[in-house]
Amino acid sequence: MKGGTILNLLGLLGGVWVILSPYIVGFAPTHGNPWSGVVLGTDILGALVIIASIVGLAGFWGLFLKEMGQRVTKPSSENNT
């Protein structure tokens, strides 16, 4: 359980880094069109990584909670048949 959550959160942080890296490293243009090829490509890629990690996190926790719901024990009155 921890592994899936940790890896999805790492993917989320990786997507944020991919979006912010051109600005932090200095590849983004300081004037003119801010959507140059490098910036636009990394923003789209970062957004796709973030979306994929959020979908993975939601799917992982949805399946985990469904499994936990099925593990609920039956009341003792139903077991005495």
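## Close-up views of a three-helix predicted model

Of the 81 residues in the protein chain, 15% count as buried. Please keep in mind throughout that this is a predicted model.

**Figure 1. The whole chain is built from three helices and zero strands.** Along the sequence, the elements follow the pattern α-α-α. Among contacts between residues at least 6 apart in sequence, 70% join residues at least 24 apart. The chain exposes about 6,200 Å², and carbon and sulfur atoms supply 72% of that area.

**Figure 2. Confidence is highest in helix α1 and lowest in helix α3.** The mean pLDDT is 91 for α1, while α3 (residues 76-79) has a mean of 59. For the protein chain, the mean is 84, and 88% of the residues reach 70 or more.

**Figure 3. Helix α2 covers residues 37-70, and its end C-alpha atoms are 49 Å apart.** For the 34 residues of α2, a rise of 1.5 Å a residue gives an expected span of 50 Å, so the span in the model agrees with the expected one. Which residues of α2 are buried? They are V39, T42, D43, G46, I50 and S53. These buried residues pack against α1, which covers residues 2-25.

**Figure 4. T42, one of the buried residues of α2, makes contacts through its side chain and along the chain.** The T42 side chain reaches the backbone oxygen of V39 at 3.0 Å; V39 is itself among the buried residues of α2. Leaving aside residues up to four places away in sequence, T42 touches V18, I19 and P22.

**Figure 5. T5 sits in helix α1 and touches L57, F60 and W61.** That contact list does not count residues up to four places away in sequence. Is T5 buried or exposed? T5 counts as buried because its relative accessibility is 17%, under the 20% cut-off. T5 and W61 are 56 residues apart along the chain, yet their C-alpha atoms are separated by 8.2 Å. Two of the residues touched by T5, F60 and W61, return in the next view.

**Figure 6. Ring pairs link F60, W61 and F64 into a cluster.** How many aromatic pairs are there? The count comes to two. In one of them, F60 and W61 meet edge-to-face, with 6.1 Å from centre to centre and 85 degrees between the planes. In the other, W61 and F64 are also edge-to-face, at 5.3 Å centre to centre and again with 85 degrees between the planes. Both pairs count as edge-to-face because the angle between their planes is over 60 degrees. W61 takes part in each pair.

**Figure 7. The three rings of the cluster belong to partly exposed residues.** The relative accessible area is 25% for F60 and 22% for F64, while W61 has a relative accessibility of 30%. These residues count as partly exposed because their values lie between the 20% and 50% cut-offs. Where do W61 and F64 lie relative to one another along helix α2? They are three residues apart, so about one helical turn separates W61 from F64.

Key: Residues numbered from 1 in each chain as written. Predicted model: local features only at pLDDT ≥ 70, side-chain atom pairs only at ≥ 80, totals over all residues. Heavy atoms only, no water. Phe/Tyr/Trp six-rings, centres within 6.5 Å; stacked < 30°, edge-to-face > 60°. Buried < 20%, exposed > 50% of the residue type's maximum accessible area, 1.4 Å probe, protein only. Helix = DSSP H or I, 4+ residues; strand = E, 2+ residues; numbered from the N terminus. Expected span 1.5 Å × (residues − 1). Contact = heavy atoms within 4.5 Å. Polar contact = N/O pair within 3.5 Å; in protein donor to acceptor, adjacent residues only side chain to side chain. Areas by Shrake-Rupley, 256 points an atom, 1.4 Å probe, with all protein chains shown as cover. pLDDT = per-residue confidence, 0-100.
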